[in-house]
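Student: I'd like a close look at a single part of this model, and then at how that part fits into the rest. Could you walk me through it?

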Amino acid sequence: MEPIAHIRSPFAEKFGVPRQGNLAPHVVGEIVFEPAYRNAECVRGLERFSHIWLIWGFHRNGAEWHPTVRPPRLGGNTRLGVFATRSPFRPNGLGLSAVRLLSVEQGPVLRVSGADLVDGTPIFDIKPYIPYADSIPDAAAGFTESAPWEPLQVQLPPSLPPQATPAWVEAVTEVLAQDPRPAYQEDPEREYHLVLLPLEITFKVQDGTAVVTRIAKAGQGA
């Protein structure tokens, strides 16, 4: 199975990628097709849909799958079967995401928002999201039934670099609000580094607030 496309995403690293991409709607990416599929006919009519499904690969895993995993939202201590979770460490390493289709650009290139994919992630298929068939409002949600966490408040420095556009500020606020830290980490003095291109931030989490202490151009150190 060969990729039909790759995504250009502001997430240069796995850390910080939202657990639920639709909770970070200001994170915008571009789906760039491989040469064999750079044909406008392949996406004819897609612009009439507001959302699409992406089937993609966990290309940065580097670890073997196991029959059971420890979901972060259960505190990292309870084991469940791999097929009862959305763990990235799966037998075939495939992911599934519903994203908003912002536009179909010349190329063709698809501009999307709410994608929980690292930059360069291979995409194996794209399908339109069909509300009457794909939405099941009364579906049981197992251990994910209740809200997983209280969103963090986000505190940015009073002075921001010019690369911190209003859209970037919205995106990084949405990402931090989901608390990208490992579920077991509660040290209020520990610093974390998160890359959301074109910038890298350093932050702490104290009393329910993600406090951004430094912002620098990505690759130059925070």
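Student: Is Asp179 buried or exposed, and what is its relative accessible area?

Tutor: Happy to. This is a predicted model, in which local features need pLDDT of at least 70 and side-chain atom pairs count only at pLDDT 80 or more, while totals for chains, interfaces and linings use all residues. Residues are numbered from 1 along each chain as its sequence is written, and side-chain values use heavy atoms, leaving out hydrogens and water.

Asp179 counts as buried because its relative accessible area is 15% (buried means under 20%, exposed over 50%, partly exposed in between, with a 1.4 Å probe and protein chains only). Asp179 sits in the loop between helix 2 (166-177) and strand 10; helices (H or I, at least four residues) and strands (E, at least two) are DSSP runs, numbered from the N terminus. The backbone of Asp179 deserves a look too: its phi is near 60°, a positive value in a residue other than glycine. Most residues other than glycine have a negative phi, and most peptide bonds are trans.

Asp207 also has a positive phi, of about 50°, without being a glycine. Asp207 belongs to the loop between strand 11 and strand 12, and its relative accessible area of 84% makes it exposed.

Now for the peptide bonds. In the loop between strand 10 and strand 11 you will find Pro198, and the bond leading to it from Leu197 is cis, with omega near 15°. A cis peptide bond also joins Gly107 and Pro108, where omega is about -10°; Pro108 lies in the loop between strand 6 (94-105) and strand 7 (109-113).

The loop of Asp179 leads on to a sheet. That sheet is open, with 4 strands in the order 9-12-11-10 and mixed pairing (two strands pair if DSSP finds at least two bridges between them). Strand 9 (153-155) and strand 10 (192-196) are at the edges with a single partner strand each, so one side of each has no neighbour in the sheet. From one strand to the next, the twist averages 35° (axes are lines fitted to C-alpha atoms, for helices over the stretch in contact, and angles run from 0 to 180 degrees between N-to-C directions). Strand 9 runs parallel to strand 12 (residues 209-217), joined by 3 bridges, and Val154 faces Ala210 of strand 12. Strand 11 (residues 199-206) holds Phe203, which is buried at a relative accessible area of 0%.

Elsewhere, 6 strands close into a barrel with antiparallel pairing, in the order 1-2-7-6-3-8. Here the twist averages 45° between one strand and the next. Strand 1 (residues 5-8) and strand 2 (residues 28-33) run antiparallel, with 4 bridges between them, and Ile7 is opposite Ile31 in strand 2.

Stepping back, the protein chain has 2 helices and 12 strands, arranged along the sequence as β-β-β-β-β-β-β-β-α-β-α-β-β-β. The radius of gyration of the chain is 18 Å, close to the 17 Å that the globule rule gives for 222 residues, so the chain is as compact as a globular protein of that length (the radius is taken over C-alpha atoms, and the rule is 2.2 Å times the number of residues to the power 0.38). The C-alpha trace spans about 55 × 45 × 35 Å along its principal axes, and buried residues make up 36% of the 222 residues.
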